[in-house]
Amino acid sequence: MTFPITRMRRMRSNPVLRSMVRETHLAPEHMIYPMFVRYGEGERRPISSMPGQFQLSIDELVKEARVAYDVGIRSLILFGIPNEKDEMGSEAYADDGIICRAIRALKEATPDLLVIADVCLCEYTSHGHCGVVHKAGEEFQVVNDLTLDLLAKTALASAKAGADVIAPSDMMDGRIGHIRIALDQDGYQDIPIFSYAAKFSSSYYGPFRDAAEGAPQFGDRSTYQMDICNGREAIREVALDIEEGADLVIVKPALPYLDIISQVRQNFPSIPIGAYNVSGEFAMIKAAAANGWLNEEKVVLETLKSIRRAGSDVILTYHAVDAARWLQG
Ligand code: PBG
Ligand code: ZN
């Protein structure tokens, strides 16, 4: 033997040692549960591309939120499916719209549950884009500055209904500052903003667009969501949102963008980071598990721990309730 062997395996030799030096932990408080709410009563409409996830009427949403709460999931993010869509996405900012009704019902039934309102227009616009659309013949444009006021109105309506946190997911420029000012002016200085700061123009959103019935009717989102190839630009997006007042920044999707999460963590050591484990990531695991190709429990926990290890504090995930149960053992 000419060189000494470094015995890395010593510290792996015993479960107590292994858990003593474990670097990353996953617990229910690290997970936010995304939920879909629609009109009706007693409705639980399964989302076919997202097994185990449903469009729920408000009464069922309240029940399901309680189930999540009881396994330790204390926060959820809400997406609404309106009855009527229009050009300007009016129901997004209507006080009696689906989202405001759902927020009020949730806060009344389970006041300790943190309710995060996703703020965007795409579920409410007839064209399915996240902002105001100007059309000229075949060409169309998603108009940035006209959209800002509608987003601020949406944020305010949700805050008035009782939302604890506002999460803008539209990717218009300047919306964090715009929404922050609007909230402050109306006395909502203490409502945090979770910004989808680095949101990529990803094909992993496919199942979500079925779930929220918000697919664009023409074109795509590549003029406002980020190019999937860009990492440095993500740092700039995050820097801007922090400057404008974001309290937490979200990277989305999560698994194919772990490098982005890690870079954001290194560049901004003190900002809380969220990672959105999106619908397509969820669907892939579900499909493989249904075929018996992967062990669902183990792969889900490994995935979520990887997303934490990359540098995120909190994970938005459809696996939240199952994962919380598995963590309880
Ligand atoms: C739209 C929005 C999207 C998601 C959340 N809000 C997707 C999109 O841009 O079409 C995706 C979430 C998921 O895939 O789970 N503002
Ligand atoms: Zn949108």
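Here is a short chat between a biologist and a modeller about ligand 1 and the cysteines.

Biologist: What kind of model is this, and how are residues numbered?

Modeller: This is a predicted model, where local features need pLDDT of at least 70, side-chain atom pairs count only at pLDDT 80 or more, and totals for chains, interfaces and linings use all residues. Side-chain values use heavy atoms, leaving out hydrogens and water, while chains are lettered from A and ligands numbered from 1 in the order written, and residues are numbered along each chain as its sequence is written, from 1.

Biologist: How many residues surround ligand 1?

Modeller: Being near takes a heavy atom within 4 Å. R209, Q225, K252, S279 and Y318 are the closest, and the full count is 16.

Biologist: How far is a polar side-chain atom of R209 from an oxygen atom of ligand 1?

Modeller: A polar contact here is a pair of N or O atoms within 3.5 Å. The side chain of S279 has an N or O atom 2.7 Å from an oxygen atom of the ligand. For R209, the distance is 2.4 Å.

Biologist: How does the shell around ligand 1 divide?

Modeller: Ala, Val, Leu, Ile, Met, Phe, Trp, Tyr, Cys and Pro count as nonpolar, Asp, Glu, Lys and Arg as charged, and the others, Gly among them, as polar. On that basis the shell has 9 nonpolar, 3 polar and 4 charged residues.

Biologist: Why is C100 not bonded to C120?

Modeller: A disulfide needs two cysteine sulfur atoms within 2.5 Å. C100 is buried, at 1% relative accessible area (buried means under 20%, with a 1.4 Å probe and protein chains only). Its closest cysteine sulfur, in C120, is too far for a bond because the distance is 15 Å.

Technical notes: A polar contact is a pair of N or O atoms within 3.5 Å; within protein, one must be able to donate a hydrogen and the other to accept it, and residues adjacent in sequence count only if both atoms are side-chain atoms. Buried means under 20% relative accessible area, exposed over 50%, partly exposed in between (1.4 Å probe, protein chains only).
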